[in-house]
Amino acid sequence: LSTGEVLKNLNKFYKRKEIQRLGADNGLDARLFHQAFISFRKYIMESSSVSADLHIILNDICCGAGKVCLLGHVDDLFPFFLRHAKQIFPMLDCMDDLRKISDLRLPPNWYPDARAIQRKIIFHAGPTNSGKTYHAIQRYLSAKSGIYCGPLKLLAHEIFQKSNDANVPCDLVTGEERVYANEDARQAPHIACTIEMCSINTPYEVAVIDEIQMIRDPARGWAWTRALLGLCAEEIHVCGEAAAIDLVTELMYTTGEEVEVRNYERLTPLTVLDYALESLDNLQPGDCVVCFSKNDIYSVSRQIEARGLECAVIYGSLPPGTKLEQAKKFNDPNDPCKILVATDAIGMGLNLCIKRVIFNSIVKPTINEKGEKEIDTITTSQALQIAGRAGRYGSSFKQGEVTTMHRDDLVQLKEILNEPVRPVKAAGLHPTAEQIEMFAYHLPDATLSNLIDIFVSLSQVDGLYFVCNIDDFKFLADMIQHIPLNLRSRYVFCTAPLNRKEPFVCTTLLKFARQFSRNEPLTFDWLCRHTKWPLAVPKNIKELVHLEAVHDVFDLYLWLSYRFMDMFPDAVLVRDIQKKLDDIIQVGVCNITKLIRASQSAAAPGAAEIVSQDFPLSRTKRDTRAVSERHGARSTEALSIAVDVPGERRTKNLKAYRSATRQEDLKSHGHGSLANRLLREGLLTQEMLRQLESEWQDQHRNGRYGLGSKRDDQNSSKETGKKKK
């Protein structure tokens, strides 16, 4: 057979609409159809021989092409194509069953216990500091039994404390911890838990679901959906932004339950100032500078303490105990610490006596629905959540104030705060272990990552729901795929709460899974050996970051210990050393500026890499203003190169930088004071410096800079003249 004729007819087969429709009827959507055809074409074109019946069909098609009475037609290839597609996509044989399993159009039906009772839904809607959660908790405390579901361990712990202080016995349940009010470990009638841990089988009189607007969260939204639809409580008190009222009402309409809305106004006034701070010299007691990256936290706190002021520091990866200690230090009127530097981690979970919130920047890195990291201006919801922390009701400040560090940001912040909060449009869903097990029954040879992919591609949801982002799950599934585990255990390991950007934590999870697969218990001694416990007080930022990672490893061990008690037997001992580690981290955070200085003095070129793990995403040109004023016009362009992410702006600034630095060799910047200062500020990395040097040298060699280009042009014309002669 002529390979050219075969290829031409195969491509004709691929383009026929009738074939594409037949493929769709057999479970091949456009993506699968394309992948199956590529594989089918490769099989025919690269195989030394094909089956006799397929060869006869191909021969008839090629020989009959162009004749009036065709010997064969390209459509005759479809049975062979479908057979090949089923070999590479086994789910095509059981597509109907898989579609039924992945049908997510009626989530209320997943919770028959909740549907068996008529629940009363009360929505407490209002901004931060309006007392909405307070009123819901009062009803919770007065009930015979109740459950509080919050987004953070800190919030669950706070309700646990309040309940027991009010003589209402309450248990604490988080992914990593169980604390019982009764000494004999009998379950108390009240429970405070993180929302993922709520029981949908236990009956309660009252349930409180806090921060309901997080039902739209791309990663965790499924937990709020599950709680809202599945909790077996006579009264469900939902607290959060008014933006979620319409969605909750529509969801409850599908369950036949009505929603009573109670609106609340802010208890203390909040004023947006008409002037920006502009300089850290203008800080006052009770100020909180909000940053959106660790690098900015380090930089701002160092500059504040350089002015002789003491500051508390709070960011997301700190252990809860350290956050509470830093908050306590800032709130204490007798403590000299009167300034707080924090990320948006203060948005919920901590009671802080803040007079004025100052946004160091109004852009932050976010994860979009596809799981990609983006940099964007903060939303109205985020701005209100953070700004609302100022002037907390009952604190020493009777009103709150909000402003920005830079004058240009203030105009935009006012616009953001004046915009209406976008309504919450859909609720998150996530495939359960049972659904994945049913998929695995039909596709026994598929990996867990592939099972999840197939589930999501086949899943059907209506307009009120969306499937949550599963990239973290797939990352862990791929990471431990080579380890022999049963499906249920593998699923549990993949749902472990960890930050996949922390290599030490991911590596430890891999070790946990490998040890688990050998049926060898992970003992306290084994864990101490692998984490090199005991650990010393950190001497620099790199060591502090590592201690935070070790704390996360201890959290991971405790989380797994409640799911595999026999294999992770030493939870009590691990909790003890975790408390000691928390104390060590607290010492490090209290001395954070010393750690920054130690990191910088150890190695100036490497300091930026140590201090700024995620620096480029949270910076804009405005963030460079203070530095550029010190270093002159040329440094402004250099900083723009370092921090601007979008390609067009980067190219534009690079050209401007080249124009401004014609007479300078970038290589000398590696040792000059400007480069070192930029590295210390975290605005430039060694990699960027090397890239700029390389670009400078390339352009210099190509003769595109100033006088050099003239000389090169002259030399070039001379050479051309010689050649002509």
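Student: Happy to dig in! Which cysteine sulfur is closest to that of cysteine 170, and why is there no bond?

Tutor: Good place to begin, bearing in mind that this is a predicted model. A disulfide needs the two sulfur atoms within 2.5 Å. The sulfur of cysteine 170 has its closest cysteine sulfur 9.1 Å away, which is too far for a bond. The partner you asked for is cysteine 193.

Student: Is cysteine 170 buried or exposed?

Tutor: The cut-off for buried is under 20% relative accessible area. Cysteine 170 counts as buried, because its relative accessibility is 0%.

Student: What about cysteine 590: how far is its sulfur from the closest cysteine sulfur?

Tutor: Let's run the same check. The closest cysteine sulfur to that of cysteine 590 belongs to cysteine 337. The gap is too far for a bond, at 8.8 Å.

Student: And how accessible is cysteine 590?

Tutor: Partly exposed covers the range between the 20% and 50% cut-offs. Cysteine 590 counts as partly exposed, with a relative accessibility of 39%.

Student: How many disulfides does the structure hold?

Tutor: We have seen that the sulfur of cysteine 170 is too far from its closest cysteine sulfur for a bond, and that the sulfur of cysteine 590 is too far as well. For the structure, the count of disulfides is zero.

Student: Let's turn to charge. Which side chain of opposite charge is nearest to glutamate 502?

Tutor: Glutamate 502 sits in the loop between helix H19 (487-494) and helix H20 (503-517). This glutamate is buried yet has no salt bridge. A salt bridge needs nitrogen and carboxyl oxygen within 4 Å, whereas the nearest side chain of opposite charge is 6.0 Å away, that of lysine 294.

Student: Which residues does glutamate 502 touch, leaving out those up to four places away in sequence?

Tutor: Contact here means heavy atoms within 4.5 Å. With the sequence neighbours set aside, glutamate 502 touches Ala549 and Asp552.

Student: Now the strands! How many residues of strand S7 are buried?

Tutor: Strand S7 spans residues 232-240 and is largely enclosed by the rest of the structure. Strand S1 (residues 120-125) pairs with S7 in the parallel sense over six bridges, and strand S6 (residues 203-209) runs parallel to S7, also joined by six bridges. Of the nine residues in S7, the buried number is eight.

Student: Which residue in S7 is the bridge partner of proline 203?

Tutor: On the S1 pairing, isoleucine 121 stands opposite isoleucine 236 in S7. For proline 203, the bridge partner in S7 is cysteine 232.

How values were computed
Residues are numbered from 1 along each chain as its sequence is written. This is a predicted model: local features need pLDDT of at least 70, side-chain atom pairs count only at pLDDT 80 or more; totals for chains, interfaces and linings use all residues. Side-chain values use heavy atoms; hydrogens and water are left out. Buried means under 20% relative accessible area, exposed over 50%, partly exposed in between (1.4 Å probe, protein chains only). Helices (H or I, at least four residues) and strands (E, at least two) are DSSP runs, numbered from the N terminus. Lys and Arg count as positive and Asp and Glu as negative; His and the chain ends are not counted. Two strands pair if DSSP finds at least two bridges between them.
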